[in-house]
Amino acid sequence: NGPDRLDDDAPPAPLRSQTKMTNTSRNRNFAAAVVAAAVAAAALVEPSQAFAFPVPRPTATMKTTTTIGGSCPSRRPPPAVRTSLLPPPLRSSSDSSAEDAGGGVGGEDAAIIASPWYRRLFDDFTRASRDGFGTRARNVATTLAVGDVVVPLCGDLERRQELANRGLYAGVEYEICALNVTEGGGEGEGGGGAPPARPVRPVRPVRTLEGLSRSEIEGSVALVRPAYPLRDHLERSDWPVPIRPVDDVPLWLSRATYEAGTALGTLALCATFLGTASFFALLVRFAYVPTESMVPAVYPGDVVLVTRSVDLPGLRPRAGDVVFFDPPKELDEAIEQYVGNAGAVPTRGKQFLKRVAAVPGESAGVRDSNPFAVVKTKTTTTTSSSSGTGGGGGGGGVVAVERTDRTGPYARPELFPSSSWDRPASPLGRGEYFVAGDNGPRSVDSRVWGPLKDRYIFGTARAVVWPPAHAGPISGGNFVSTEMGEE
């Protein structure tokens, strides 16, 4: 808050930087945004790792289900180096058989694998635009086909845990290994028409549910398994597991819709965090106060919240506000000329807090070391004439008011020129502010180095945020107004 402690019993305290906490806070804001973006990106790369409901490892009592009416190819192991932001493309049963027989990948599957990730993401957005996003996304439960890759979603936590215990994790991509249609929606081993945990006597295997009757779709059973390897604690020995698409899972999304929605969510999350970090870095600062020049409004060790000032009517600093500013060259010159021999340190790289005693358009001066401003205000009516004839005019007039900021005299007046004690009021130019510390004896301010130009001002200190004992809005200055008479 300026070179203070200019008293006889102690040397001036070093001007510690008020920007250290500011810069640290700004860096932490951006770091938080980067971390959030990394977490969100991780969810896009491996949705199974981020959203899967963890369940215990399968025990020896778990049964291994035999695929009915079809076969599910073994999942491709994860590559040593992931070259795409999305999970590896999946193979149909025919492609898998051909690859297993020939020992390689070819044709359209090879073209998909070789396609750039951004092209695949664009294709996903194109397909998802037809199915919809979010709550308007189309449920593909009634159009499932063997070889499709779909994502089950469930918002009910109890139901979600039940599905997880059966091997179906919400938010994980699953491949449809087989589809079977059962009689009358299927009969359970326990009777009573309850959905069975395992399919019983399937009528026939089908390649797709599209085009089937409502009763056949409701009675269908799908054998599913994850489309890619999961973490060890999520892997099971009984995949593929039977699931009734319509009855067991509230919502099935196509892979394109899910990945496109995940990408949009990731972008929205990143934009939110980056926007918040930018807001705090550009418009808000937290400043540490190391000196006593603003006591009693702000004490050493306080942390204040500063908001950026905007050069618009109503948003500029006003008289009585505490402004946060970079040191002007006049302050450096005054420190070197008047205080340098007293041990004050340079102000480079530091910021300061002072209270505004006068604003542009007002006249500012100093009397008995207290800054004052001459303000002209309009009155609504004028008094009657001195002749006593009555009637007094009703046009109004202008009254000059002197507003004094009672900061107190310097403890060591011999350090400063006489103009810092007494000088007549002079008009402030455009963008000029007269500022002073509340603790006048320990503040070097406009009384010594003149008006502060608005280009040096970052913003206005609004409140003390730390420590809790001092937390709250910054109190007003010690101003006294005196009416000087009508002009």
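Which residues of H9 are buried? In this predicted model, where residues are numbered from 1 along each chain as its sequence is written, local features need pLDDT of at least 70 and side-chain atom pairs count only at pLDDT 80 or more, while totals for chains, interfaces and linings use all residues. Side-chain values use heavy atoms, with hydrogens and water left out.

The buried residues of H9 (under 20% relative accessible area, with exposed over 50% and partly exposed in between, for a 1.4 Å probe and protein chains only) are Ala256, Thr257, Tyr258, Glu259, Ala260, Thr262, Ala263, Thr266, Cys270, Ala277 and Ala281. Helix H9 (helices being DSSP runs of H or I with at least four residues, and strands runs of E with at least two, numbered from the N terminus) covers residues 255-283, and its end C-alpha atoms lie 41 Å apart, in agreement with the 42 Å that its 29 residues should span at 1.5 Å a residue, the expected span being 1.5 Å times one less than the number of residues. Phe279, also placed in helix H9, is partly exposed because its relative accessible area is 42%.

Val151, found in strand S1 (residues 149-153), counts as buried because its relative accessibility is 0%. Among the residues that Val151 touches, leaving aside those up to four places away in sequence, are Trp252, Leu253 and Tyr258, contact meaning heavy atoms within 4.5 Å; Tyr258 is also one of the buried residues of H9. Val151 and Ser254 are separated by 103 residues in sequence, yet their C-alpha atoms are 6.3 Å apart in space.
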